[in-house]
Amino acid sequence: MSAQTPGPRGPENPLDEALETADPAAEPGLVEELEQERARERADLAEDTGDRWRDAMRHVVSGGWVVSVGAIVLAVLAGSVMIVLTDERVQETAGYFFARPTDMLAAAGDAVGGAYSALFRGAVYNYQADTFAAAIRPLTQTLTNAAPLVAAGLGVALAFRAGLFNIGGQGQMLMAATAAGWIGFGVTGLPFPLHLLLALVAGVLAGGLWAGIAGFLKARTGAHEVIVTIMLNYVAFYLVSYLLATPGLLQAPGSANPKTPPMRESAILPPLLGGQFPLHWGFVLSLLAVALVWWLLNRSSLGFAFRAVGENPKAARVAGIDVPRTTVSVMLVAGALVGLAGVQQVLGTVTTGFSSDIDAGIGFDAITVALLGGSNPWGVLAAGTLFGGFKAGGSAMQAAEGIPIEIVLVVQSLIVLFIAAPPLVRAIFRLPQPATRRRRTPPVRSTATTTEGQA
Amino acid sequence: MTATTVDGAPVSAAAGPRAVRTVTWKTVTVLAVVLALYALLLLLAPHEGAARFRLSTDRDLFVLPTLELPALTTAWVCAAVALAVVGLAVARTRGGRRVPVWATALYAAALLVGFLAWAAAGSPRDLSVVGLLSGAVVLCVPIVYGALGGVIGERAGVVNIAIEGQLLAGAFTAAVVGSLTDSPWAGLLAAVLASTLVALVLGMFAITYKVNQVIVGVVLNVLVIGLTSFLYSQVLVPGAETLNSTTRFARIPVPFLERIPLVGPVLFNQTIVVYLMFVMVAVVWFALYRTRWGLRVRAVGEHPKAADTVGIDVVRTRYRAVLTAGAVAGLGGAFYTVVSINQFNREMTAGAGFIALAAVIFGKWDPVRAALAGLLFGFATNLQNVLSVVGSPVPSQFMLMLPYVVTLLAVAGLVGRSRAPAADGVPYTKE
């Protein structure tokens, strides 16, 4: 419970981690010191007042998940206020509020209730549907939306862990989608799994290489990755627009629209639960990516280098890690993960041909997903699924209640904002603040503009 | 020979003072690569005919003649000038000295003129140099204001990713208030207030609650995009007549000065918001480097503990800086709805805030350099507009890409490592 801030750093206790990695032979005394420190920390947490029930209660309400629930409640309340204020019937009935207040309250209740039940029906379970398959369809839609969010979120999160801010998700997804799509509709004669595999690999490679440009420039010239990835977004967008608008390149033959022909059957990610559901194998790929990133970060030496560079590039260099090389490999891997999201879009979700908006804003949503998930693979999975649900439910809400889908953006961003500031949420709900302990680690340096070059 | 030898190998080189190279070849590399690409363009797509540059407008005191240049000759002469600069750069770098700024500027100007001559060759229309420059000044306005805001905030140690959100909030409120009151001044003021409000939220979370500043910034952008888009479709679209049609600022020509050829129409026939931008760059520079407030802001951004030790209230200084930064960015937001066009559209800032962020870093956290970076960006964007009027042979998508490619090359080749204020992004905890 040392850090509730879902920051670019993982939520693990840094002390535990340091203990695991400390080598008693190399640094005598260090392990003892760390253990004493940890004991002190535990003692801080366990200062009980004697009343067992009150202690239990206090531990529960000062825990992290209460803050999360509180944050969601607050965000949903704020969304409700927006719905009520802009609802036409509420405005009409507010005109005679003092004559018959119940009218306005009922209208407000209807508006909010209708909106959130539509959101639930669109994201989780449609209890108005006739068959079970139709009722459960929204859930599969949520998971379909979640797949690219998780993959791209992992790409952003991985870069965060290495102290890099990858705002280039849009460009990486576009390049990946272009490569995968080009193989997907342009190559003929390959049988099903081979064709799909080829397109998949091409897309992931393209995403990785596009992000690799940013890594390479950062490593070789010190160019800031924030600038480079933003600029590469635009370059990719116009490059793809050009390819899409030029006959003979990506544009569908005989069409004037900037759109590609549909993907060939042999390159499409097959449906996971049968043809009646939108869910495709891309979701499984995202799950595999989550496991892979977890392994990479926590069990591999490459991942250790990533984290070491993220924590302190100078110390990493002293420890013998080639920082420029690590920067390039981080961006390659991060771009490949974001590329996977692009591949899932063209080969799974939109198989009828794509245009230059195929990224669907996922590259930017991925930043919020990575932040909400605390830059930790499992957290990213949870956050991506939540956002996928919001996306599915938001469109259902727009269709059923006429409430613009943008309200979902507001609720999402408020959730992240509140979760990031536990003291604020506790203050609003009048929950006890956890005992303040002295800070052992220096505050997290922001990853955006402070990561100096590897000078 | 007094130098000792170990295993027969002379170590005299190690005995002397070690030479430390501070000059790299990357500038030369970028200059050479760009020149090679330019030459390739001329070789592969030669463009016969004459290019005509119109330098005057009808209102000028005296009329400068329309320049008529033979396109290919001009383009190759410019290439030769650029080649000379590359040669100079090689010589300087080999001698361990930096490439002087004037040489880089000469190189850029040569390639620009050459490219314009090539692109405008044989076009029935004249290429209006005045239009090119004045458009650039107008297009850079929101970027420059946003970048100035970014510089102030980051100099105080608060990273501001939320410039985009501040611009958008400013544009939205300026549209609503400007339409309701029918006064662009009210709109401008409202934009400043709205953007300051976004800055207040940023400050509250980043300074008081010590939340990671990147998180707050990113999330605030999403929040403002969501709020303004939601309100746009729920409120502004139904009530477009009363809520979303502003009166714009009129141009205010400066008497006499505006009639100077070339300079006049570009600099002295603009709206008040543009004049204010020039003033603001100077004011921010003066405030940061020549006033007590600026010294404190920079101290708090570089070493808050030291600043605290000498009695500067770190939290209050940072709050003031962030709020000031928000107010400045708000002026840029108002530009969209009370200067550029007369209504608000969904996500109308279209990433200008991120470009401003890039300009902050590109300009190495200095107000004047950041403003110049913004101007460069506006110029490259307008170059595309102007060339599409003249009928350039380059596909429009590549012209649209130009500003971003130029920025990439400039960042990679000329600027290099940019060092943020030391405490940028670090919340301050008093001990």
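In chain B, 54% of the 431 residues are buried. The model is a predicted one, and the secondary structure assigned to chain B consists of 18 helices and seven strands. Contacts in chain B between residues at least 6 apart in sequence are made up to 77% of pairs at least 24 apart. The exposed surface of chain B amounts to about 18700 Å², with 66% supplied by carbon and sulfur atoms.

Chain A comprises 455 residues, of which 53% are classed as buried. Its secondary structure includes 18 helices and zero strands. For contacts in chain A with a separation of 6 or more, a share of 72% is due to residues 24 or more positions apart. Chain A has an accessible surface of about 19900 Å², and carbon and sulfur atoms account for 63% of that area.

A nonpolar patch on the surface is formed by A:Trp65, A:Val69, A:Val73, A:Leu77, A:Ile428 and A:Phe429, which together have about 570 Å² of accessible area. Two helices of chain A, α4 (64-86) and α18 (422-429), each contribute at least two residues to the nonpolar patch. The largest share, four residues, is provided by α4(A). Within the patch, A:Ile428 belongs to helix α18 of chain A. The relative accessibility of A:Ile428 is 43%, and this residue is therefore classed as partly exposed, a category that lies between the cut-offs of under 20% for buried and over 50% for exposed residues.

Technical notes: Residues are numbered from 1 along each chain as its sequence is written. Chains are lettered from A and ligands numbered from 1 in the order in which they are written. This is a predicted model: local features need pLDDT of at least 70, side-chain atom pairs count only at pLDDT 80 or more; totals for chains, interfaces and linings use all residues. Side-chain values use heavy atoms; hydrogens and water are left out. Buried means under 20% relative accessible area, exposed over 50%, partly exposed in between (1.4 Å probe, protein chains only). Contact means heavy atoms within 4.5 Å. Accessible areas come from the Shrake-Rupley method with a 1.4 Å probe; for residues, only the protein chains shown count as cover. Patches are made of residues with over 30% relative accessible area and no salt bridge: like charges are joined within 9 Å, nonpolar side chains (Val, Leu, Ile, Met, Phe, Trp, Tyr) within 5 Å. A salt bridge is a side-chain nitrogen of Lys or Arg within 4 Å of a carboxyl oxygen of Asp or Glu.
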